[in-house]
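This report walks through a protein structure part by part, moving from its packing to its rings, its strands and a few single residues. Please keep the sequence and the view of the structure at hand while reading.

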Amino acid sequence: MACTKRQKADLIVTNATVYTVDSAFTVAQSFVVSNGKIVAVGTNNEILSAYSADTILDLTDKFVYPGFIDAHCHFLGYGLNLPKAWLAGAKSWNEVVNRLVEHQNKYPTEWVEGRGWNQNEWEIKEFPTNELLNKAFPNKPVFIVRIDGHAAIANRKALELAGVTASTKISGGEIVVKNGIPTGVLIDNAMELIHKHIPTPSKEQKAQALLNAQQNCFAVGLTGVHDAGLDADEVELIDSLQQAGNLKMRINAMLNPTHDNFEKYISKGIYSTAQLTVRSIKIYADGALGSRGALLLKPYTDDPKTRGIQVEPTEKLDSVCSLAYKHGYQVCTHCIGDAAVRLMLDTYSKYLPKGNDLRWRIEHSQVVDPADLPRYGEFDVIPSVQTTHATSDMLWAVNRLGDRVKYAYAYQNLLAQNGWLPNGSDFPIEDINPLYGFYAAVARKNLNGEPQEGFQMENALTREQALRAMTIWAAKTCFEEEVKGSIEAGKLADFVVLDLDLINSEISNALKAQVLQTFINGENVYTKNQ
């Protein structure tokens, strides 16, 4: 009898249901890892007869997927927010202030900061005034950010420190005034009037924030993130932590359009390491729907006096696109309203030749006029969506948009334009768990299972589409589909082990699915209950 010498590898994953998410959506049983890359994929017999390894991971009744990638989030921002008061889910303005007081009593700070309030979840769905904040914190400045990050409320002390009065003007933002007095509510660019006075986190604080964010992300199966808006010093910190081996998360950094970022990165072309990609610029065309800052073609249904806010002049948006095109950078523009989408499609079309592969993105693509849909395909523009936004917004979005709501959160229509789209969460605006995004994409329901029939189900994604959107398509949007995003020979060994079959199980089970292990480069970076 002849015996075949088996090839030695570092790791064999076997006896599992492996969703490879390759082009054929192949389901395998085993795969092999050496030097941080996948060597071969196949059946148990094929792999075990051809390879040996010191470490064999036998995953009976477990399910393996490519490492999940969040295509639009605020990774550093999430980490920096962790020590602050979290205000999401509060059912009234009173509850927001009480939570803030309680948090400040436990963790006193020079500035009182928090995030997550949402007036659309209160009985009185209106912006509050800062009177309760003034009483609770007469001697400390307060600055708390709305859930969407596009509005905030400051107390009197903070307004005084910043010199903000009823007569203060700001381009691309609004200072809400009532009876000749600022209410404390600041929308879009007006937020910076206060924010610039808050002490900047130290390098050490940012480093710790990144590591804390990483650990939480590993626990939900994320192996890669696209951080939507960073400065050069933050990218350099990320790079240094990665090079030292402390930060293992793969990061696609979108740069803010600053002079410093241009000098250090953009003017020098694309910067790339094994874990970091810097090749895109993040800009804002408008604000958010919840704070009526999204720029609409026609007035808001529930406030006909406004169409929203264009946060940057057209000339500036155009100049950034020109700069990006010249230096081979991708443009990623925040567009919530249909007017913002049209503005940026008009601008992009000046630079993008038909048939291009530059993969310029429109982040959110939340409300899109039907006449503009085909232009995504015409100019190869990528709609970068966040499926949980649909299920978070649906209960009040109809008030803002009226009949136009049927053109909002239209993910299947957007996917049809190029045949693919990436999905993210926009955390900390939404939860970091990518399985919530998978569920929202397929079921079109919120975490309470509402509405029972699903929200505008004609735009639900299939399970295969939803899984691709958080793996291979998320990798593709930053030009990395050849190196990650699926379990295939030659690709990076980033994968996640779950206790649930996302493709065949009852869809509501996705909300209860447990991430058992997360691997990057074949290295176990998270094990449940470890």
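## Methionine 344 and the nonpolar cores

Leaving aside its neighbours within four places in sequence, methionine 344 is in contact with Ile283, Ala285, Leu317, Cys321, Thr333, Cys335 and Ile362. The model in which these contacts appear is a predicted one. The largest nonpolar core has 110 residues, and methionine 344 belongs, together with Phe68, Phe75 and Leu467, to those with the most contacts inside it. Helix 11, which spans residues 338-349, gives the most to this core, contributing seven residues.

Apart from this core lies another one, of 21 residues, which includes Trp93, Val97, Leu100 and Ala151. As a general background to both, nonpolar side chains in soluble globular proteins tend to be buried together.

## Aromatic pairs

How many aromatic pairs does a search of the whole structure find? The search finds 16, and one of them is formed by tryptophan 93 and tryptophan 117, which meet edge-to-face with 6.4 Å from centre to centre and 70° between the planes. Because tryptophan 93 lies in helix 3 (residues 93-106) and tryptophan 117 in strand 10 (residues 112-117), the pair ties together parts that are 24 residues apart in sequence. Both tryptophan 93 and tryptophan 117 are buried.

For tyrosine 325 and tyrosine 351, the ring centres are 6.2 Å apart and the planes stand at 45°, so this pair is tilted. Tyrosine 325 lies in helix 10 (residues 314-327), whereas tyrosine 351 lies in the loop between helix 11 and strand 20 (361-364), so the pair ties together parts that are 26 residues apart in sequence. Tyrosine 325 is partly exposed, with a relative accessible area of 41%, while tyrosine 351, at 17% relative accessibility, counts as buried because it falls under the 20% limit. Elsewhere, Tyr19, Phe25, Tyr65 and Phe68 form one aromatic cluster.

## An open sheet and the helix across it

Six strands make up an open sheet with mixed pairing, and their order is 3-2-7-22-23-24. Strand 3 (27-28) and strand 24 (523-527) are the edge strands, each of which pairs on one side only. Within the sheet, strand 2 (residues 17-19) and strand 7 (residues 63-66) run parallel and are joined by two bridges, and valine 18 stands opposite valine 64 in strand 7.

Helix 7, formed by residues 203-218, lies across strand 23 (515-520) and strand 24, and runs at about 85° to strand 24.

## Arginine 146

Is arginine 146, a residue of strand 11 (residues 142-146), buried or exposed? Its relative accessibility is 1%, so arginine 146 counts as buried. The side chain of arginine 146 is joined to that of asparagine 118 by a polar contact of 2.8 Å. Beyond its neighbours within four places in sequence, arginine 146 has a list of contacts that includes Arg115, Gly116, Trp117, Asn118, Phe127, Ala151, Gly290 and Ser291. Two names in that list have already appeared: Trp117 as a member of the edge-to-face pair, and Ala151 as a member of the core of 21 residues.

## Glycine 449

Glycine 449 is placed in the loop between helix 15 (434-443) and helix 16 (463-469), and is partly exposed, with a relative accessible area of 26%. From C-alpha to C-alpha, glycine 449 and glycine 287 are 28 Å apart in space, and they are 162 residues apart in sequence.

Methods
Residues numbered from 1 in each chain as written. Predicted model: local features only at pLDDT ≥ 70, side-chain atom pairs only at ≥ 80, totals over all residues. Heavy atoms only, no water. Buried < 20%, exposed > 50% of the residue type's maximum accessible area, 1.4 Å probe, protein only. Polar contact = N/O pair within 3.5 Å; in protein donor to acceptor, adjacent residues only side chain to side chain. Contact = heavy atoms within 4.5 Å. Pairing = 2+ DSSP bridges. Helix = DSSP H or I, 4+ residues; strand = E, 2+ residues; numbered from the N terminus. Axes fitted to C-alpha atoms, helices over the stretch in contact; angles between N-to-C directions. Core = buried A, V, L, I, M, F, W, Y, C linked by side-chain atoms within 4.5 Å. Phe/Tyr/Trp six-rings, centres within 6.5 Å; stacked < 30°, edge-to-face > 60°.
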